[in-house]
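Hi,

Here is the structure I said I would pass on. Have a look at it first, and my notes on what turned up follow below.

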Amino acid sequence: MRLSQYPINTLKETPAEAEVLSHQLMLRSGLIRRLAAGLYSWLPMGLRTLQKVERIIREEMNRAGALELVMPVIQPAELWQESRRWSEYGPELLRIKDRHQRDFVAGPTHEEVITDIARRDLKSYRQLPVNFYQIQTKFRDEVRPRFGVMRAREFIMKDAYSFHVDEASLREGYRAMYDAYTRIFTRTGLTFRAVRADSGAIGGDVSQEFHVLAASGEDAIAFSDGDDYAANLEAAAALPPSEPRRAPQQPLNKVATPGARTIEELARFLKIEPARCVKTLIVEGTEDTVVALVVRGDHELNAVKAQKLPGVANPLRMASAERVVKATGTEPGYVGLVGLRCRVYADHSAFALADFVCGANEKDMHLTGVNWDRDVTGAVAADIRNALEGDPSPSGRGHLKIARGIEVGHIFQLGRKYSEPMKAVVLDEAGHEVPLYMGCYGIGVTRIVAAAIEQNHDERGIIWPEPIAPFQVVLVALQLQKSTRVREVAERLYAELAAAGIEVLYDDRDARPGVKFADAELLGIPHRLVVAERGLDAGKLEYRHRRDAQSTEFPADDALAFIRSRFAP
């Protein structure tokens, strides 16, 4: 492609709406343009990268034996009502009506549609296992779309769904998709990690996320320094302390703590460490009750873990101030455990404390020397906190480290979550009807592009991994309007490289060298060739890889062989 014929301009200034670096660079380099909040047009340069990602995904899904199809974006509400997600999915589900006032949804995912296909066409175990996939537009009505295409309302996803006659076959299919995803993200040139995860709105009992590691990642990942254990922070187990709780040493004592509402204020007032205090959080329970959740003062509650506990409302909701007063007799900030009459879950680390400090259920008052069993009875120990760096690994080997990641893929063992309510059954070997077992496997195609930029950039712009760069080579001709020789060599080189099947972006614009070099670095094309009058005087061309700090000169008549030698094997 000739840049002189490309009408999309790069931007020097960072657009005001761009919050993260990938969003900034995608707008500045002309990969995308914003239409409305969470809605983006993919321009030709960006589309080239997007299509390369799609091609890699398609090749590996086909290699794994999956069958490609396309399902409608707009889905009838009846299917979602059958699966019970019409009421469970939440406000991200965009509900619409047609001219006949019939209910539909703009599909955020396609479990219901594919299950409908399966129940119509799959009749016998002999047709199984089977895996269907599509690369298609999805819509989720994000309350606050942000980070460009990283959290847009409309996006492109590869979603796949496998069907099996039993759990053993499902596990085999799940493993095949795990291996396919590993190949996909390896081929895209990204540094990634697979982690245990919570299944969220999709459902199922087993799931793993694939994260591109980047300092700007919105998700925290806990991984062991002693083996391959890794989990999203939402799902990372925090083990009970190995040491037994010591016997009580202090008497229970009520102390005045004026104005000390937070753990930090309380610890400072009492001149103790926050780890000697506990936080008692009152949340909504099931059946119009409240539940107390207790964590150590230096720990944070893990909402995903907590909302899975018996009797706790899902999704987790903090009780209103009025409900807290009714349940405890005091306002939030002074809630304590002694005399508290509701269900109590205490995190393992909090449950291991002796002689700790908690609220006294009275404003400006706290209790010291509080002990389990002696002063507080009936509490149930549970894992309800976020894991921390340095915690023992749940695998039993090594300790946890915390990194940031961008989720680009998620695989699930759904089991019969959709097949049972939607009555998707086949005949087994004995001729009996059995519900299908199902797996679900998603990749955020547009997210991969943004994640690649978050992981690969410098102060000058994008540094594309070679497999997904929009072009392999940028050919920069300097002063070609003034030099016939430069123009002739550049044109010949452009034709030669293109004929050899090399993707070339030819900067043949009438622009200053500084502008051309700045744009080449902003666009992030891996290999740069420069044709200049001074170099031709010596029979040389100039080469620089986008990651290199210095340029290299090489013989001008050896350009094709030279550039091929620089490509990654």
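Let me start with Ile96, which sits in strand β5, spanning residues 94-97. Bear in mind throughout that this is a predicted model. Ile96 comes out as partly exposed, at a relative accessible area of 30%. Together with Val73 and Ile74, Ile96 makes a nonpolar patch on the surface, covering about 200 Å².

Next, the internal space. There is 1 cavity of 30 Å³ or more in the structure, and the largest cavity holds about 60 Å³. Which elements give two or more residues to its lining? Those are α13 (513-523) and β29 (540-545). The full set of lining residues is Arg460, Ala520, Glu521, Ile525, Pro526, Arg528, Arg544, His545, Arg546 and Asp548. Sorted by class, that lining has 6 charged residues, 3 nonpolar and 1 polar.

Then there are the pockets, where I looked at the second largest. This pocket has about 400 Å³ of space. It is lined by 23 residues, and Arg261, Lys279, Thr280, Leu281 and Gly333 are the closest to its centre. At least two lining residues come from each of α7 (263-270), β14 (278-284) and β17 (356-359). Which of them gives the most? That would be β14, with 5 residues. By class, the lining of this second largest pocket has 13 nonpolar residues, 6 polar and 4 charged.

That's what I have for now. Shout if anything is unclear.

Cheers

Methods
Residues numbered from 1 in each chain as written. Predicted model: local features only at pLDDT ≥ 70, side-chain atom pairs only at ≥ 80, totals over all residues. Heavy atoms only, no water. Patch = residues over 30% accessible without salt bridge, like charges linked within 9 Å, V, L, I, M, F, W, Y side chains within 5 Å. Areas by Shrake-Rupley, 256 points an atom, 1.4 Å probe, with all protein chains shown as cover. Salt bridge = Lys/Arg side-chain N within 4 Å of Asp/Glu carboxyl O. Helix = DSSP H or I, 4+ residues; strand = E, 2+ residues; numbered from the N terminus. Buried < 20%, exposed > 50% of the residue type's maximum accessible area, 1.4 Å probe, protein only. 1 Å grid on protein atoms, 1.4 Å probe; cavity = no way out; pocket = protein on both sides within 12 Å on 5 of 7 lines; lining within 4 Å. Points joined across faces, edges and corners; volume = space filled by probe spheres on them. Nonpolar A, V, L, I, M, F, W, Y, C, P; charged D, E, K, R; others polar.
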